[in-house]
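Let's take a walk through this structure together, one part after another. Keep the picture open while you read, and look up each residue as it is named.

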Amino acid sequence: MRNEFFLEVSCLTVAFPKVDGKPGEMTKVLNGLNLTIPENQFVCVLGPSGCGKTTLLNCVAGFQKFDGDILFKGSPICGPAPERGVMFQEYGLFPWFNIQQNVEFGPRMKHMPRDKRREIADTYIDMVGLSAYRKQYPNHLSGGMKQRVSLARVLANEPEFLLMDEPFAALDEQTRQKLQTELLNVWEKNKITCMFITHSISEAVFLADRVIVLMPNPGRVALDMLIDVPRMRDRNDPALLQYQEQISEVLFSGRK
Amino acid sequence: MLIGSIGIVGLLLIWQLCSMNGGSSNLLPSPITVFERGIELFANGTMGKHIGVSMLRVVKGFAVAFALALPCGLIIGTNKTVNRALSPLIELLRPIPPTAMISLSILWFGIGEPSKVFIIAWASFFPMVLNIIGGVQQVDRIHILAAKTLGAGYFSIFTNVILRSAVPNIVIGMRNGFSMAFISLVAAELIASTSGIGYFIQDARYLYKIVDVFVGIIVIGLIGFLINMILLKAEKALIRWK
């Protein structure tokens, strides 16, 4: 069965024009990367800047041209699609739409009747605790609230695969930890397959079923590790701290 | 409001002082004389008639310019090839002042209304089209990507993302375009007019009615000021999300 893996990445190579290089000179950001993700797994991709983690997400999202193969449920990826929802670090909310309209956007694109899409939007706005802010515009919300709206919007579109590009990186530590817990609460309800990009080791081991560490020049998998700790996890759990140490070792030994 | 009126009050005081001391009252009538004459011209309906004619011309010219600038701006802004092909042409035509087009407009459209509308449309087209192009080009890539992942097709992206994100620039372009339409009004009404504020000023000049010239100029300034205020309010209402 081709459908054994939800996502199958084979020989993924992405090159960009070299900065200050001669015309035509390219730098390989990812070089022959292989990766599989089974359904319902929460995967965190971790690594230092320039290791190609966002490039990997962009390829899977269909934003980036690449060499190699990426199969989503057995079919090649050839562009963005609603089945693969994306949460951006910069939120990506439409500032001209209010919160309700932003969350309704996906269902509206599916030509869903107004009442039905309103009902869906209300469900997800309630889920992220922003019922009182339905008619507010994104520019009037804090960073944490914007990211909650972003989560509600992507979930309201009922994607099969949730791609998150450092969604909490721009938030303060307190908000970040709160949103991590909220994300896991939401995830526990529908167990949607997730690829979460981060450069925070603690965030990765707190959230993920599996952590993939990429190293740069060119981007390659340096560590692929299952986090075998039941949720909800205690951030100070010695088992989690041990996982963190193992990941740190790989990251810092790779930098030498 | 109070601070904003300091400049206007200051200018009126200086004007009054200059008209009282030294300046020829024929060439520089006092603001009070101008005000009284203005009231008289409004009361007997003369000024109302000229304002009505001029406003209709401005609106017609502006509407023609907007009807052309919106599709042109959207197409040029969204299509790189069209942009490369047409940008040099726009940059070539843009600096040509409306007054330089008067002779051509008479040859093309005669001395009737169309030539006046053409001059006004010429003046207001370029600020609008350039602002619309800029607005479309400034659309944030992340909004387009987000729309794509939420299932939007090209048409939906155009109407829900590109057009909406360009609205602030379109409104600014409309405001600039309207200002230019007004600025070009006097030039347009130089063409064999028998009515309009521009004509009124020209006629007053030929008849050496200096007070009337002042009234006409001030009326143009006041109308422009009021329209700008209305457009600013409209801009605020349209772009509540900013």
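Just after helix H1 of chain A, A:Gly62 takes a positive phi of about 95 degrees. This is a predicted model, so please read every value here as computed from that prediction.

Now look at the helix that comes before this glycine. Is helix H1 (residues 53-61) of chain A largely enclosed or left open by the rest of the structure? It is largely enclosed, because 9 of its 9 residues are buried. Among these buried residues of H1(A) are A:Leu56, A:Leu57, A:Cys59 and A:Val60, and the list also includes A:Lys53.

A:Lys53 deserves a visit of its own. This lysine has its place in helix H1 of chain A. It counts as buried because it has 28 C-beta neighbours inside 10 Å, where 20 or more are needed. Leaving aside neighbours within four places in sequence, A:Lys53 is in contact with A:Val45, A:Gly47, A:Ile197 and A:Leu214. Another residue to find is A:Gly219: it is 166 residues apart from A:Lys53 in sequence, while their C-alpha atoms are 7.9 Å apart in space.

Next come the strands of chain A. Strands of a sheet pair through backbone hydrogen bonds, either parallel or antiparallel. In chain A, an open sheet of 6 strands follows the order S6-S7-S8-S3-S9-S10, and its pairing is mixed. Which strands stand at the edges? They are S6 and strand S10 (220-226) of chain A; each has a single partner strand, so one side of each is left without a neighbour in the sheet. On average, neighbouring strands of this sheet are turned by 20 degrees against each other, direction ignored. Helix H4 (residues 143-156) of chain A lies across S6 and strand S7 (161-165) of chain A, and runs at about 175 degrees to S6(A).

Here are three strand pairs of chain A to compare:

| Strand pair | Direction | Bridges |
|---|---|---|
| S3(A) (residues 42-46) and S8(A) (residues 193-198) | parallel | 5 bridges |
| S1(A) (residues 7-17) and S2(A) (residues 26-37) | antiparallel | 8 bridges |
| S1(A) and S4(A) (residues 67-72) | antiparallel | 5 bridges |

You can pick out single partners in these pairs. A:Cys44 stands opposite A:Phe196 in S8(A). A:Ala15 has A:Lys28 as its bridge partner in S2(A), and A:Leu7 has A:Phe72 as its bridge partner in S4(A).

How do the chains meet? On one side there are 20 residues of chain A, in contact with 16 residues of chain B. Strand S6 (84-87) and helix H2 (99-109) of chain A each supply at least two residues of the side of chain A that touches chain B. The residues of that side divide into 12 nonpolar, 5 polar and 3 charged.

Finally, turn to chain B. Its domain assignment gives domain 1 (1-32) and domain 2 (45-238), and the C-alpha centres of these two domains of chain B lie 32 Å apart. Now find helix H8 (residues 154-183) and helix H11 (residues 210-238) of chain B, whose axes come within 10 Å and cross at roughly 170 degrees. H8(B) and H11(B) are therefore roughly antiparallel to each other. Their contact includes B:Val167, B:Val171 and B:Phe178 of H8(B), along with B:Ile220, B:Ile227 and B:Leu231 of H11(B). By class, the contact of H8(B) with H11(B) has 9 nonpolar, 3 polar and 2 charged residues.

Notes
Residues are numbered from 1 along each chain as its sequence is written. Chains are lettered from A and ligands numbered from 1 in the order in which they are written. This is a predicted model: local features need pLDDT of at least 70, side-chain atom pairs count only at pLDDT 80 or more; totals for chains, interfaces and linings use all residues. Two residues are in contact if their C-beta atoms, placed from the backbone, lie within 7 Å. Helices (H or I, at least four residues) and strands (E, at least two) are DSSP runs, numbered from the N terminus. Ala, Val, Leu, Ile, Met, Phe, Trp, Tyr, Cys and Pro count as nonpolar, Asp, Glu, Lys and Arg as charged, and the others, Gly among them, as polar. Domain bounds come from an automatic or database domain assignment. Two strands pair if DSSP finds at least two bridges between them. Axes are lines fitted to C-alpha atoms, for helices over the stretch in contact, and angles run from 0 to 180 degrees between N-to-C directions. A residue is buried if 20 or more other C-beta atoms lie within 10 Å of its own, exposed if 12 or fewer, and partly exposed in between; C-beta atoms are placed from the backbone. Angles under 35 degrees count as roughly parallel, over 145 as roughly antiparallel, 65 to 115 as roughly perpendicular and the rest as oblique.
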